[in-house]
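Trainee: I'm new to this one. Could we look at it together?

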Amino acid sequence: MRVTLQYFDDCPNWRETEAQLDTLRSEGFGLTVDRQLIDSPEAAEEHGFRGSPTVLVDGVDPFANPDAPVGLACRVYVTETGYAGTPSLDQLRTVLKQAG
């Protein structure tokens, strides 16, 4: 399964998401993880980037909110414990199981 981690450097949350994906890979999920730096408003527009971090699973954003603005911003996720800058490990595990 191919996972793309879209991010921009000014948002620190993508590093936590990358660590979570490493954890899931060590748990036996067959992941190929690519990073995709989104470094300009034009690139954000081109890729439909709705904030950092964005996790694409086989090219699909399982956490997509079509009302979220496109642009260079830190993304906010609704998790089991409230708002966070990254999906929870359990949320990632669930979407990967559904995709796999």
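Trainee: Which elements do the buried residues of α1 pack against?

Mentor: Happy to help, and keep in mind that this is a predicted model. The buried residues of α1 include W14, L21 and L24. Their packing partners are β1, β2 (32-37), β3 and α3 (89-99).

Trainee: Within what arc do the buried residues of α1 fall, seen down the axis?

Mentor: Buried in α1 are W14, T17, E18, Q20, L21 and L24. An α-helix has 3.6 residues a turn, so residues three or four places apart point the same way. In α1 the buried residues line one face of the helix, because they fall within an arc of 160°.

Trainee: Which exposed residues does the face of α1 turned away from its buried side carry?

Mentor: We have just seen the buried face, with T17 and Q20 among its residues. On the face turned away from that buried side, the exposed residues are R15 and S26.

Trainee: How far apart are the end C-alpha atoms of α1?

Mentor: Let's start from the expected span: at 1.5 Å a residue, the 14 residues of α1 should cover 20 Å. The model agrees, since the end C-alpha atoms are apart by 20 Å.

Trainee: How many residues apart in sequence are the parts that C11 and C74 tie together?

Mentor: C11 and C74 form a disulfide, with their sulfur atoms 2.4 Å apart. C11 sits in the loop between β1 (2-7) and α1 (13-26), while C74 sits in the loop between β3 (54-57) and β4 (77-79). The pair therefore ties together parts whose separation in sequence is 63 residues.

Trainee: Is C11 buried or exposed?

Mentor: Buried means under 20% relative accessible area. The relative accessible area of C11 is 0%, so C11 is buried.

Key:
Residues numbered from 1 in each chain as written. Predicted model: local features only at pLDDT ≥ 70, side-chain atom pairs only at ≥ 80, totals over all residues. Heavy atoms only, no water. Disulfide = S-S within 2.5 Å. Helix = DSSP H or I, 4+ residues; strand = E, 2+ residues; numbered from the N terminus. Buried < 20%, exposed > 50% of the residue type's maximum accessible area, 1.4 Å probe, protein only. Expected span 1.5 Å × (residues − 1). Arc of directions from axis to C-beta. Contact = heavy atoms within 4.5 Å.
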